[in-house]
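Biologist: Here is a model with a ligand in it. Let us go through what each label rests on.

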Amino acid sequence: MDMPTKSAESLDLFVNARQQFEQALTWIESIKVGIIDYLISPKRTLHVRFPVNMDDESIRTFHGFRVLHNRVRGPGKGGIRYHPDVCEAEVTALAAFMTWKTAVVDIPFGGGKGGIVCNPKELSRGELRRITRRFVAELGDNIGPHTDIPAPDVYTDSQTMAWIYDTFDLMHPGENNLAVVTGKPLEIGGSVGRDEATARGSLYASEQLLKRGAVPGLKALDGACVAVQGYGNAGSVAARLFHEVGARIVAVSDSRGGIRNDAGLDPVQVLAHKEKTGSVVGFEGASKISNEELLTCDCDILIPAALECQVRQDNAANVKAKLIVEAANGPLTTAADKVLQEKGVIVLPDIVANAGGVVVSYFEWVQNLENQQWDLEKVDRKLRKKMTRAVDDTVDRWAALNERHKEGFNGNSVGPTLRDAALVTAIERIATVVLQRDIWP
Ligand code: NAD
């Protein structure tokens, strides 16, 4: 991972999540003080350590996590990530983002997240299968269709979800267990549209944001210059979908570096190159750039779609984009948020921008519970409706908070961001349900 050299800010993702939450609280008119700690803290954190037989007949011990952040609005929901840098703070923050995301797009879930510390690039398919199955066995009934429902995230995919489903199903024979996990292959209860849902949601959200006139100097995606960091599920599909509506993709990157062509890259050909060679780097007709250069290159829209804490105090001032669409979770630090706000860069926050994935996961869950199969037209129509509504709610709330700011609310020295607005909506929805359900006993 690219690490900062000059900045002393915290790159602990949960510290950043907490700062975002506390910042949003300053815009809330009234909240029961006693529930604030409950709203930010994880409800439950599981650590599991388990042995796995490796291909060379050695045994390795792996460390996995599953954090259930909050489930007052419904079962926990959130991906499982395989990455060498996975740690408790990261998983906790990602779980908190899920709590807020499911609230802001108004689906009946809470927030969860999981991860295993491992490097999938150095593991065989057989090793990944054994790691996944043993992890699910270790989690036992801490996951389930009505308790906590995993999904794909960085370096996990529909095959990983199939192994999770199969293992859980073997442990619970005689029941319809399809809804224990989403992002499954189509043949075993996956939903059409799930593989593209995160990026498609980012597209619909960006279109609506521009339609609402929220980004000065940028009226439409048609003709806009776009740079995308990360070329996996979220990034590569976003590049293709934004290109399809007329945007020019001027730079993309993955963990090995980036490429740039001001005349525009063909995202489909770039993906074919990545599939053949393992990286976008080396694509014909493009010049090589670093991930750092990608983040600060000349473009209208920057889509960070890789890992967290990529735009920070030390590089935020150099960002040239007018709009940042957070396809990744937590790609901006709170310090970067401040710098970007001063520069007038609009940030469509992760809890809205990448919510398309969990929205279609919700559709998959509903289809599984009802033994239904929806067609793509229905999934896309419902996804667009959810994303448009979430953006409208966020922009409307932003306008209302700006009015509050003009009246000197709370003595806040700077105005609200879209992130503040989305979080205020989420926190108020969750707090309302906490009090409606009542504190028991
Ligand atoms: P993925 O594993 O499919 O792709 C990750 C991509 O990031 C790869 O191309 C990888 O090479 C690249 N990458 C890794 N380290 C990098 C670095 N230091 N610099 C540049 N690129 C780097 O993962 P994904 O599912 O696309 O997830 C990407 C982000 O989107 C994550 O933050 C994830 O939490 C978020 N997200 C994903 C989904 C989903 O449905 N997949 C939903 C919501 C949010």
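**Ligand and strand E6**

Modeller: Helix H6 (194–211) and helix H7 (233–244) each supply at least two residues of the shell around the ligand. The model is predicted.

Biologist: Which residues come nearest to the ligand?

Modeller: Of the 23 residues around the ligand, these are Asp-153, Thr-198, Asn-233, Ala-234 and Asn-329.

Biologist: What makes the pair between Thr-198 and the ligand a polar contact?

Modeller: A polar side-chain atom of Thr-198 is 2.7 Å from a ligand oxygen atom. The cut-off is a pair of N or O atoms within 3.5 Å, so the pair counts. Asn-233 places a backbone N or O atom 2.8 Å from an oxygen atom of the ligand, and for Asn-291 a side-chain N or O atom is 3.2 Å from a ligand nitrogen atom. The ligand taken alone exposes 820 Å², of which the protein buries 92%.

Biologist: Why is strand E6 called mostly covered?

Modeller: Buried means under 20% relative accessible area, and 5 of the 5 residues of E6 (225–229) are buried, so the label holds. Cys-225, Ala-227 and Gln-229 point one way, Val-226 and Val-228 the other way.

Biologist: How do you know that E6 pairs with strand E7 and with strand E10?

Modeller: Pairing needs at least two bridges. E6 has 5 to E7 (248–254) and 4 to E10 (301–304), therefore both pairs qualify. Both run parallel to E6. Gln-229 is the bridge partner of Ser-253 in E7, and Val-226 that of Ile-301 in E10.

Biologist: Which elements make a β-α-β unit?

Modeller: E6, H7 and E7 make a right-handed one.

Notes:
Residues are numbered from 1 along each chain as its sequence is written. This is a predicted model: local features need pLDDT of at least 70, side-chain atom pairs count only at pLDDT 80 or more; totals for chains, interfaces and linings use all residues. Side-chain values use heavy atoms; hydrogens and water are left out. A residue is near a molecule or strand if one of its heavy atoms lies within 4 Å of it. A polar contact is a pair of N or O atoms within 3.5 Å; within protein, one must be able to donate a hydrogen and the other to accept it, and residues adjacent in sequence count only if both atoms are side-chain atoms. Accessible areas come from the Shrake-Rupley method with a 1.4 Å probe; for residues, only the protein chains shown count as cover. Buried means under 20% relative accessible area, exposed over 50%, partly exposed in between (1.4 Å probe, protein chains only). A crossover is right-handed if, with the strands pointing away from the viewer, the path from the first strand over the helix to the second runs clockwise.
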